[in-house]
Amino acid sequence: MNRPTLWMEPAAEPQTVESLNRRVAKLERINAALMAHVERTMDQQGGAYSLFQTAIMLEGRVRARTEELTALMHSLERSNEAMQAAKEEAETANRSKTRFLAAASHDLLQPLNAARLSLSALTDLAPGPEAKAVARQVERGLETIEDLIKALIDISKLDAGIVRPVVKPVRLADLVAGIEASFRPFAERKELRLVTRCADLVVETDGVLLQRILQNLVSNAIRYTERGGVLIAARRRDKLCRIDVVDTGCGIPENERALVFEEFFRGGREGDDGGVGLGLGLSIVQRTASTLGHAIALHSRTGHGTRLSLTLPLASQRPDARVTLAPLATALTGARVLAIENDASTAEALQRLLRSWDAEVQVFRDLAGVVAALGAGLARPDVMVIDYHLDNGACGLDVVDYLRRDRGWVTPVILTTADHGADIAARAQATGAELVHKPIKPAQLRSLLAYMLA
């Protein structure tokens, strides 16, 4: 029974070899699969490592860019702080300049005012045409100084943003008619035609500032025109109005047109007086138009003339009232005038001028002088001419308040000052006084006195 078992054992050996072969083949396949897996894993690890390296590199770049951006932001902040400090410094300097010019204008215009008043009285006393011609030359020199001071003050106020437009409906025809009446004598003196074509338009603007713009434009046009004339035309352009001031003068060369709005640029043109002007008129025009938000344009042909155009909005409603002009009167003989003036030379010149018009004048320096005169029997005046700024910070309107309160005198008042501040204009209006800016023009003062005494 044991022999069959022994016989079968050799037969089992080839089966074991085959099994081993199969196992080896299987192991080879497993090994190949494992190697492939390892290779794939290595590749993946290599990609992850590359990604890791790339991420580190990008992070470094981002950090560098962030640091660079942060540095730039800090630099920008410092620049902004420096710019803000410079801006505040410039604004402070501008305000200081404006305050200085306002204060200086009072001190500069005071002696100028006295000189003009004295010159006017001297002209009336001058015996012959030669003396009158010399007096006229001196007066024109004083007018030039006055124009320069006022122009510089206007520019400083516009640059400092002190001028605050009061925008409301303005009837353009009334304003243009007033300008035509003012400039017609100057045009006629040069034998020029001054023509206006103005439709019945109402515009949205500040009437006072618009008037100053047109006065400068018309004055320039007449000054630089020798033949022909000047046209002031206003016409509708959709919802806008365009005002043209056109002259037949010498025109502006092309290379000067971009410069005419700069301060003190006068070009090579001569005016009717042989001079070339101050070179400030158009600079003031541009600044004022910019303050109002009105566009201004220049068109010119050398040898043919110039057109300056101002574009502004039409108003949606009509103005409250039509502008009225005060009538002119003449009689000053015997009129009792009370004058308050702290500057001795101006007081003397004003007294001499008023007396040359046959008025009875009493001049005082301050309220104390008036009170003393009242105790001595001072009679009620017909009109008062009072300076706003008196000595030691006193105000001329205090005299008016005292006389109204203590004596009940409701006397017409002319308030004089070299200060163009809005607060003074408001106080004058509240008091019912007529405001006259120094230097006082004798013809203007005489006309106003005659009107108030009529």
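In the predicted model, helix 10 (residues 442-453) lies across strand 10, strand 11 and strand 12. The direction of helix 10 makes an angle of about 160° with strand 11.

The strands covered by helix 10 belong to an open sheet of five strands, in which the order is 9-8-10-11-12 and the pairing is parallel. The edges are occupied by strand 9 (360-364) and strand 12 (434-437). Each of these two has a single partner strand, so one side of each is left without a neighbour in the sheet. On average, and with direction ignored, neighbouring strands of this sheet are turned by 20° against each other. Within the sheet, strand 8 (residues 336-340) and strand 10 (residues 383-387) run parallel and are joined by four bridges. I340 stands opposite I386 of strand 10.

Helix 8 also packs on the sheet, where strand 8, strand 10 and strand 11 (413-417) are touched by this helix. Between the direction of helix 8 and that of strand 10 the angle is about 145°.

Helix 8 (residues 397-407) packs in addition with helix 7 (residues 367-375). Two packed helices are described by the angle between their axes and the distance between the axes. For helix 7 and helix 8 the angle is about 30° and the axes are 10 Å apart. Because angles under 35 degrees count as roughly parallel, helix 7 is roughly parallel to helix 8. The crossing of helix 7 with helix 8 is right-handed. On the side of helix 7, the contact is made by L367, V370, V371 and L374; helix 8 contributes V399, Y402, L403 and R407. By class, this contact has seven nonpolar residues and one charged residue, with no polar residues.

A further site was examined in the loop between helix 6 (344-356) and strand 9, which is the place of D358. The relative accessible area of D358 is 47%. D358 is therefore classed as partly exposed, since the exposed class requires over 50% and the buried class under 20%. When neighbours within four places in sequence are left aside, D358 is in contact with L332, T333, G334 and A335. For one of these residues, A335, the C-alpha to C-alpha distance to D358 is 7.7 Å, and the two residues are 23 residues apart in sequence.

Conventions. Residues numbered from 1 in each chain as written. Predicted model: local features only at pLDDT ≥ 70, side-chain atom pairs only at ≥ 80, totals over all residues. Heavy atoms only, no water. Axes fitted to C-alpha atoms, helices over the stretch in contact; angles between N-to-C directions. Parallel < 35°, antiparallel > 145°, perpendicular 65-115°, else oblique. Left-handed = near helix turned anticlockwise from the far one by under 90°. Contact = heavy atoms within 4.5 Å. Nonpolar A, V, L, I, M, F, W, Y, C, P; charged D, E, K, R; others polar. Pairing = 2+ DSSP bridges. Buried < 20%, exposed > 50% of the residue type's maximum accessible area, 1.4 Å probe, protein only.
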